[in-house]
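Q: Please take a close look at one strand and its pairing partners, and describe how that part is arranged.

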Amino acid sequence: MYEEMMRFLRFSTGGKTSIGIFFILIVIASNAEGTATLRNVTLEKIDGPGNNSVVYIRSQAEVDCLHYVITTVGPTSPTLLLLKSASNTSRVHIFWDKLLHPNSSVVEGAVHLVDENGKPLPKSPKTSFYIFDELLEYEDLQNSSDITDPKNKNLTSIRLDELSWAANVTGFTAVLQGTDKNSSKFTNTSKVELRFTPFSTKGRRSVLPRMAHNELSADVEFIVDGIAASRPSSRFAVMLVVANPGNSSFLPSVKVTSDSVVEQVSKRIIDDEYAPTIFTFGQIFSKTKQNSATNNFWQWRTVCYVMPHHTNDDATDVKSTTLTGNQTYVAPALLDNKLLQGYFGFSNLQLIEARATIAGFGKEDDGYYNATAYISWTSLVGFGTPPPESFSITVISILIAGVGIPIVIILIGSVFLLKRRFCDESRIRRSQYEPIE
């Protein structure tokens with residue numbers, strides 16, 4: 001590969017090679033793709049009594065350890081709990097009997113961090129959780145794909161905690177699959193599915209939308225497949241509940257005192273072959289109030305796909321609402337959640353301020369959901385700040401070819417002209433020389 005690049009960059013300047021341009025290309029390309037620092041990442045399914053299970057992702061480095069806990073135990077809606085520990089030997093331990101106890105007031109402590117000797121560790125100061133709470137269907141009478149449009153009607157909900165969920169680990173991806181045999185909206189092949197893929201290095205996935213990822217993040221794919229729509233003009237959306245307790249001080253009967261905040265932003269991005277024509281990111285940040293440091297993030301390109309193979313022709317839009325704290329629908333998602341009860345405690349959950357956003361799928365004149373009866377939305381969740389987007393090697397090569405080569409040609413031409421002028425002046429001086437006889 002390097003020999004090909006050298007041949008590409010070789011110019012006839014007295015047999016010399018444009019080594020400077022070659023090294024610039026190597027440096028920029030390295031920064032564009034990244035090699036990253038490796039982490040030791042493990043993914044396992046922890047089975048409990050009955051059909052209960054937890055998917056556990058552990059990402060270990062020399063100075064810390066990241067923990068992703070994913071489950072529908074309860075039953076509850078699919079929940080992702082993110083914990084960061086300063087101890088690189090820490091791991092999540094689950095007391096199943098306590099977690100499944102019918103009395104919510106005694107569940108606290110069923111999920112906690114322990115050291116290598118099994119000794120309990122303090123709660124993580126960098127904690128966030130995300131809940132896929134409801135699948136919403138509405139009739140898009142305006143063909144606007146805007147779930148907040150008051151002219152759109154017949155909003156209905158499929159509670160995801162009411163589905164029957166099964167968890168499996170395939171390769172380095174954890175899959176949660178939800179079905180409902182008692183609902184007319186589900187056939188034998190219908191499903192709601194969540195796929196979690198953790199990363200140990202920097203890079204990009206080979207399938208669209210090809211977001212940049214790093215070793216502190218995981219890919220989350222939300223899929224709606226084959227669910228029957230109530231009307232020809234139906235569209236679907238999903239409600240995502242998020243909270244960032246952070247360094248919360250839980251005091252009885254007192255509103256939670258937290259140094260953390262959740263905020264949502266929309267970010268403009270560059271356009272290249274990774275995801276052509278997609279110019280924006282949706283982002284949710286869990287930050288520390290004191291210094292605005294980002295603890296966790298949830299990020300997505302504003303695009304989803306209506307076929308499993310993810311091509312640009314199969315792309316449609318993702319539109320999200322602003323974060324809201326309406327406790328009418330946010331509170332039940334927390335208080336009935338077994339995983340959160342096990343980590344925070346039921347009484348503390350009542351003090352946590354959670355917020356929610358709705359991600360709607362579709363765009364004008366795309367045929368509505370019934371066109372394919374399939375939706376795939378990919379996002380990235382992780383610790384710290386999101387990995388930066390950068391130009392691809394292809395774009396960088398084009399820029400170098402388009403800008404660098406003309407500059408080299410100009411320099412070569414200038415040298416040639418100067419050399420020719422010098423030679424002409426030498427000939428003139430020699431012709432003016434008269435020998436002495």
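A: In this predicted model, strand S1 (residues 40-47) and strand S2 pair in the antiparallel sense, and 8 bridges join them. Within this pairing, Leu43 has Ile57 of S2 as its bridge partner. The hairpin of S1 and S2 has 5 residues between the strands, and in this hairpin Gly50 takes a positive phi near 65°.

On the other pairing of S2, the partner is strand S3 (residues 65-71), again in the antiparallel sense, over 7 bridges. Here Arg58 has His67 of S3 as its bridge partner. S2 and S3 also form a hairpin, with 4 residues between them. S2 thus pairs with S1 and with S3.

The burial of S2 (residues 53-60) adds to this picture. Of its 8 residues, 7 are buried, so the strand is largely enclosed by the rest of the structure. The cut-off behind this statement is a relative accessible area under 20%. As a general point, side chains in a regular strand alternate between the two faces of the sheet.

For contrast, a surface feature may be set beside this strand. Val403 lies in helix H7 (residues 393-431). Val403 is partly exposed, because its relative accessible area is 49% and the partly exposed class runs between 20% and 50%. Together with Ile407 and Leu411, Val403 makes a nonpolar surface patch of about 280 Å².

Methods:
Residues numbered from 1 in each chain as written. Predicted model: local features only at pLDDT ≥ 70, side-chain atom pairs only at ≥ 80, totals over all residues. Heavy atoms only, no water. Patch = residues over 30% accessible without salt bridge, like charges linked within 9 Å, V, L, I, M, F, W, Y side chains within 5 Å. Areas by Shrake-Rupley, 256 points an atom, 1.4 Å probe, with all protein chains shown as cover. Salt bridge = Lys/Arg side-chain N within 4 Å of Asp/Glu carboxyl O. Helix = DSSP H or I, 4+ residues; strand = E, 2+ residues; numbered from the N terminus. Buried < 20%, exposed > 50% of the residue type's maximum accessible area, 1.4 Å probe, protein only. Pairing = 2+ DSSP bridges.
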